[in-house]
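This report covers charge pairs and helix packing in one chain. Please keep the structure open while reading.

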Amino acid sequence: MKVAVIYNKNQSEVINVFGAQNREIYNPKTVERVASSLEKGGHNVRVIDGNIHLIEKLSEFMPKVMHGEQPGMVFNMAYGIQGVSRYTHVPALLEMVGIPYVGSSPAGHGIALDKITSKVLFQANGVPTPRYWSFFSEDQIPEDIPFPVIVKPKMEAVSMGIEVVHDIGRLKEAVKTLVKEYSQQVLVEEFIPGREFAVGLLGNGDPEVLPIVEFDLEGDPNAIQTYSEKMKRPKEKICPARVDDALAAKMGELTKAAFRALGLFDFCRADFRMDDKGNLYVLELNSMASLGLTGSYVHAAKVAGYTYETLINRMLDVAVERYFGEKNLNEVPETEPFFKSFLKSQTTSLPVRLRSYLRGNVSTMEDFLAHMVEINSYARNLDGVNSLGKWVSNHLGRMGFQREVHTKAEFGNVLYFTNHTSDENDILLIGQLDNPIPNQDYVAYQEERGKLYGSGVYYGKGGLAILLGALQALRYTRSLKKVKCGILLISDETAGGRTSKNLIEDLSNKSKYVIGLQGAGLSGQATTSFSGVMKYNVEIKYAPGKLSKIKSDQTDLVSFLTQKISGLRKMSTKDEEVSVAITSINTQGLDEATPDFANLNFRIRFRSPDLSQQLKDQIYKTFEVSATSPIKVNISRTLLRLPLMESEATCNFYDRVSKIAKNLEIRLQKEHGTTSTSLCHVSPDKPVLGNMGPISGGMGTRNEYVVRDSLLDRSVLLAYLIYLAANDFKE
């Protein structure tokens with residue numbers, strides 16, 4: 001299942017700073033511990049900052065149930081950023097966009113955070129709670145309040161601002177201070193000397209009561225835990241508490257009654273005080289009980305027999321059951337990650353370890369991509385192409401790959417790497433070092449709204465970034481040495497693989513499987529066949545002579561050129577079996593005279609090898625002129641790359657990879673590649689998949705980009721496929 005863990009990391013990512021600012025925030029280490037626990041439960045996890053960009057990031061990651069995909073979940077750890085009822089903000093957004101989540105609803109969080117409203121509902125439902133008053137000014141305080149009392153802000157947590165007060169003067173001063181500091185009403189509550197307890201619930205309907213935690217007040221019935229004490233010197237926890245079974249059962253039942261009274265879901269923690277006569281009082285419910293290792297909720301769960309991992313996955317499961325029913329939870333096969341909790345054996349599979357490693361190193365892949373974009377590897381900039389190759393070589397060398405250099409004076413060096421000494425590869429990965437972006441159109445690396453922009457990120461650099469990430473993850477999990485891996489980085493992709501063609505054919509024949517690393521389309525494609533391409537340059541000269549008898553409407557070079565372009569376009573077919581595109585037109589003439597020279601470049605893509613000769617004949621016929629015509633035409637073909645047809649071996653390969661991607665909850669869709677690549681030179685009987693790089697857009701424009709989140713998914717998939725190649729993709 002896809003699970004987004006949401007917390008508030010950057011609290012400045014808002015349109016305006018407005019209202020009370022949140023003082024609660026999860027330690028990033030705790031967030032990472034939760035995410036890692038969910039991954040160990042077999043889930044596909046993202047950690048997302050709950051800020052202004054939340055919906056956009058969720059829309060990129062979360063499955064689309066209306067399109068038939070399995071639903072995802074949010075594990076909500078967001079305390080909010082600012083304003084009133086901040087606990088409610090992320091759940092309200094999730095409700096609006098239709099994403100199920102762990103934890104209480106906006107209404108439940110709002111009521112639980114509001115200590116005064118909570119007490120009203122406790123009293124209405126017969127839940128014992130101390131007497132209380134509320135004030136928004138010290139002038140409202142009557143003289144006959146019985147002391148001692150405890151004061152606290154109406155809508156804060158973790159004991160912020162609490163104080164025990166013993167006289168009217170101090171009470172007025174405390175209320176005045178809290179109203180000013182927190183900009184909210186102040187709750188004044190009868191103080192209950194005695195013992196203090198915390199009771200955790202897990203589940204819905206008849207939730208599980210976790211072992212009761214007692215806080216060691218060191219024999220002082222008047223002691224409390226202030227915010228600073230909780231942060232710096234928390235009270236010792238006694239769990240299970242030293243209470244008899246009847247008292248423990250009563251606390252459990254009161255916690256359940258309070259849980260229902262406030263309308264909470266999935267989990268909570270109740271705070272109790274008990275006086276010297278054994279009377280119990282519910283102080284408040286925390287609808288977002290802390291998941292920190294030192295918190296009472298996690299402490300109680302461990303006493304109950306949970307590990308941290310099983311607790312977190314159980315919390316997810318109870319929310320899934322609430323949304324989708326226990327039947328759905330139980331019917332999911334053990335082999336599927338969908339709706340399944342942490343494996344009883346607690347053995348962590350390779351995909352989980354790969355994902356966990358890579359999720360923590362996405363920023364490294366971004367740094368790789370940024371550095372590669374800084375290297376201008378335009379196809380004609382041989383120094384830049386070779387510099388990029390050298391940089392990649394250094395990283396691969398650190399992982400144990402040996403390099404073989406094929407010098408290509410015209411294009412830059414072609415590089416071949418292996419991590420073994422055999423003649424055969426389990427898998428051959430093909431990437432490119434060159435890109436077609438000329439110097440004047442170069443775009444520097446930049447990130448904007450979850451997209452990573454920069455010259456070459458689609459054509460090859462995005463694929464190289466996930467390749468390095470995937471290999472590092474395999475090395476980290478000690479899996480890389482189990483695969484005979486070959487990597488070919490060509491430098492003439494832009495020129496049609498003219499000089500690397502024979503090398504691709506030879507190495508593919510020596511490899512079981514071949515994968516291309518160019519960027520995938522926005523649908524998450526994997527390409528199983530590729531169109532061929534022809535590129536032509538046509539020079540047209542107008543040189544009238546005395547013997548010219550051509551009709552007057554054809555003596556105008558521009559008119560002639562217009563007619564021929566129209567003829568070329570008619571060669572395109574509706575089924576896209578043939579596609580013609582004019583790539584450049586240049587005309588020349590003297591002063592304001594009609595042009596007497598034109599240069600036309602166009603390319604034709606075609607899906608069947610049988611069309612090659614037919615299209616060539618049609619092109620020559622289109623530009624055919626009589627011997628006496630004043631217009632002279634010279635046609636030259638600058639590139640021919642035949643299509644690669646989908647084979648049975650490739651179809652079987654895709655079916656296996658598709659199943660793996662589905663189990664990993666990574667979007668993958670089979671497509672025909674309309675853009676010809678050097679994979680067309682792969683031996684026809686070899687299983688080959690192209691466009692296995694990150695999800696990309698803007699190809700052929702100055703705004704090419706890769707989707708940031710796809711770096712993780714596609715590198716996880718690539719790493720696992722590399723590993724499985726040694727076993728013929730049998731999981």
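A salt bridge here is a side-chain nitrogen of Lys or Arg within 4 Å of a carboxyl oxygen of Asp or Glu. The model is predicted, and side-chain atom pairs count only at pLDDT 80 or more.

## Salt bridges

By this rule the model holds 31 salt bridges. Three pairs are set out below.

| Pair | Closest N and O atoms |
|---|---|
| D426 and K512 | 3.4 Å |
| R708 and E366 | 2.5 Å |
| E253 and K256 | 3.7 Å |

Take D426 and K512, whose closest N and O atoms are 3.4 Å apart. This pair links distant parts of the chain. D426 sits in strand 17 (residues 425–432) and K512 in strand 21 (residues 511–516), 86 residues apart. D426 is buried, because its relative accessibility is 5% and buried means under 20%. K512, at 35% relative accessibility, counts as partly exposed.

Some salt bridges share partners. K119, K152, E189 and E284 are joined in this way into one network.

E253 and K256 form a local pair. Both residues belong to helix 8 (residues 245–262). They are 3 residues apart, about one turn of the helix. How buried or exposed are the two ends? E253 is partly exposed, with a relative accessible area of 48%. K256 counts as buried at 8% relative accessibility.

Next comes R708 with E366, a salt bridge with closest N and O atoms 2.5 Å apart. R708 lies in the loop between strand 30 (705–707) and helix 20 (710–725), while E366 lies in helix 13 (residues 362–374), so the salt bridge ties together parts 342 residues apart in sequence. R708 is partly exposed at 27% relative accessibility. E366 is buried, with a relative accessible area of 10%.

## Helix 20 and its partners

Two packed helices are described by the angle between their axes and the distance between the axes. Both values are available for two contacts of helix 20.

Start with helix 12 (residues 350–359). Its axis and that of helix 20 come within 10 Å and cross at roughly 140°. Why is helix 12 oblique to helix 20? The angle of roughly 140° is not over 145, the cut-off for roughly antiparallel, and lies outside 65 to 115, the range for roughly perpendicular, so the pair counts as oblique. The crossing of helix 12 and helix 20 is right-handed. Helix 12 contributes L350, P351, L354, R355, L358 and R359 to the contact. Helix 20 contributes L712, D713, S715, V716, A719, Y720 and Y723. By class, this contact has 9 nonpolar, 1 polar and 3 charged residues.

Helix 13 is another partner. The axes of helix 13 and helix 20 come within 10 Å and cross at roughly 100°. The two helices are therefore roughly perpendicular to each other. V362, M365 and E366 of helix 13 meet L711, L712 and S715 of helix 20. The residues of this contact divide into 4 nonpolar, 1 polar and 1 charged.

## Buried residues

M365 lies in helix 13. Its relative accessible area is 1%, so M365 is buried. Which residues does M365 touch, not counting those up to four places away in sequence? They are L358, A465, I466, G469, L711, L712 and S715. The C-alpha atoms of M365 and S715 are separated by 9.5 Å, although these residues are 350 residues apart along the chain.

R46 is in strand 2 (residues 44–49). At 6% relative accessibility, R46 counts as buried. Leaving aside neighbours within four places in sequence, R46 is in contact with V3, A4, V5, F61, R355, D709, L712 and D713. Of these, R355, L712 and D713 also take part in the contact of helix 12 with helix 20. The C-alpha atoms of R46 and Q70 are separated by 16 Å, with their positions 24 residues apart along the chain.

S118 belongs to helix 5 (residues 115–124). It is buried, with a relative accessible area of 1%. Leaving aside neighbours within four places in sequence, S118 is in contact with I111, A112 and L262.

Technical notes
Residues numbered from 1 in each chain as written. Predicted model: local features only at pLDDT ≥ 70, side-chain atom pairs only at ≥ 80, totals over all residues. Heavy atoms only, no water. Helix = DSSP H or I, 4+ residues; strand = E, 2+ residues; numbered from the N terminus. Buried < 20%, exposed > 50% of the residue type's maximum accessible area, 1.4 Å probe, protein only. Axes fitted to C-alpha atoms, helices over the stretch in contact; angles between N-to-C directions. Left-handed = near helix turned anticlockwise from the far one by under 90°. Contact = heavy atoms within 4.5 Å. Nonpolar A, V, L, I, M, F, W, Y, C, P; charged D, E, K, R; others polar. Parallel < 35°, antiparallel > 145°, perpendicular 65-115°, else oblique.
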